[in-house]
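Ready for some practice at reading a protein fold? Grab a pencil, look at the picture, and try each exercise before you peek at its solution.

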Amino acid sequence: MKQCYLCGEELIKNKNKSKDHVPPSCIFPPDKLSNLITVPCCKKCNKEYEQLDERMRNYFAILAGDKSGIVGQIAKRAILESGKLRELFLSYTKEHPTLIDDIGNQRLVFYFNDDELKTWLIRVVRGVSYYINKKRISDTAIYKLFIYPKLIPQPSDTFPMEKGLEFRPYFVSGVIQELNNDFWVLIFYDKLIFSVSIDACD
Ligand SMILES: [Zn+2]
């Protein structure tokens, strides 16, 4: 029996069965989509994340700048050129004061919505974990999120990762496993580094 990696619902062909890309395909450029990983997912859960995926892609692209390559250029251009999209994008960020830089120009500041970021990262971890371990993370698991604001030049030296997935430079993940406790490291665009620790997982 195949289960949705998120809600655990039994998946039935031609009814509720679908596949989810982890991480979502929108963070990769169009020419890199052929070998991304997928996990079984119900249609409802799959649909639920569409807009969040786009927002996260846009945040990441803007934060990672040049490192996000073609994906970033598309996202950045879309946001800067479309007033409507920009307004929508900003409405999902936290308060966003403008800063004046050292030569007197106004600079717009984007903030992550922490809850959205957390929701999104946990879902990516649940997806890669399902893919590697072939089972769902327990619904009672407790997640802790860490954000590494500074660029770490050689992430793989800093975090000795055991099992993991690599689609450099767009996404790298790995897990450090301890007894009853996993520590996942996720890196996007070789620049944005997050980790999610999972306590009390089965
Ligand atoms: Zn589901």
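## Exercise 1: strand neighbours

Strand S8 and strand S9 (residues 192–199) run antiparallel and are joined by eight bridges. Keep in mind that this is a predicted model.

Task: work out which strand pairs with S8 on top of S9, and which residues sit in the turns.

Solution:
- Step 1. Look at strand S7 (residues 171–178): eight bridges tie S7 to S8, and the two run antiparallel.
- Step 2. Find a matched pair on that side: Gly174 has Val185 in S8 as its bridge partner.
- Step 3. Now do it for S9, where Phe194 stands opposite Leu186.
- Step 4. Check the turns. The hairpin of S7 and S8 has two residues between the strands, and Asn180 there takes a positive phi near 60°. The hairpin of S8 and S9 has three residues between its strands, with Tyr189 in the turn at a positive phi of about 55°.
- Step 5. Ask how covered S8 is: six of its eight residues are buried, so it counts as mostly covered, with buried meaning 20 or more other C-beta atoms within 10 Å of a residue's own.

## Exercise 2: two helices meeting

Task: decide how helix H2 (residues 50–64) and helix H3 (residues 69–81) are arranged where they pack.

Solution:
- Step 1. Pick your descriptors: two packed helices are described by the angle between their axes and the distance between the axes.
- Step 2. Read them off: the angle is about 105° and the axes are 8 Å apart.
- Step 3. Name the arrangement. Angles of 65 to 115 degrees count as roughly perpendicular, so H2 is roughly perpendicular to H3.
- Step 4. List who meets whom: Arg57, Asn58, Ala61, Ile62 and Ala64 in H2 meet Val71, Gly72, Ala75, Lys76 and Ile79 in H3.
- Step 5. Sort that contact by class: it has six nonpolar, two polar and two charged residues.

## Exercise 3: a helix up close

Task: how far does helix H5 (residues 114–133) reach, and what follows H5?

Solution:
- Step 1. Count: H5 has 20 residues.
- Step 2. Compare: from first C-alpha to last, H5 reaches 28 Å, close to the 28 Å expected at 1.5 Å a residue.
- Step 3. Look for cover: the buried residues of H5 include Trp120, Leu121, Val124 and Tyr130.
- Step 4. Move past the end: Lys134 follows H5, and its phi is positive, near 60°.

## Exercise 4: zooming out

Task: how many helices and strands does the protein chain have?

Solution: Go along the chain and you get six helices and nine strands. While you're there, note that 27% of its 202 residues count as buried.

Conventions:
Residues are numbered from 1 along each chain as its sequence is written. This is a predicted model: local features need pLDDT of at least 70, side-chain atom pairs count only at pLDDT 80 or more; totals for chains, interfaces and linings use all residues. Helices (H or I, at least four residues) and strands (E, at least two) are DSSP runs, numbered from the N terminus. The expected span of a helix is 1.5 Å times one less than its number of residues. A residue is buried if 20 or more other C-beta atoms lie within 10 Å of its own, exposed if 12 or fewer, and partly exposed in between; C-beta atoms are placed from the backbone. Two strands pair if DSSP finds at least two bridges between them. Axes are lines fitted to C-alpha atoms, for helices over the stretch in contact, and angles run from 0 to 180 degrees between N-to-C directions. Angles under 35 degrees count as roughly parallel, over 145 as roughly antiparallel, 65 to 115 as roughly perpendicular and the rest as oblique. Two residues are in contact if their C-beta atoms, placed from the backbone, lie within 7 Å. Ala, Val, Leu, Ile, Met, Phe, Trp, Tyr, Cys and Pro count as nonpolar, Asp, Glu, Lys and Arg as charged, and the others, Gly among them, as polar.
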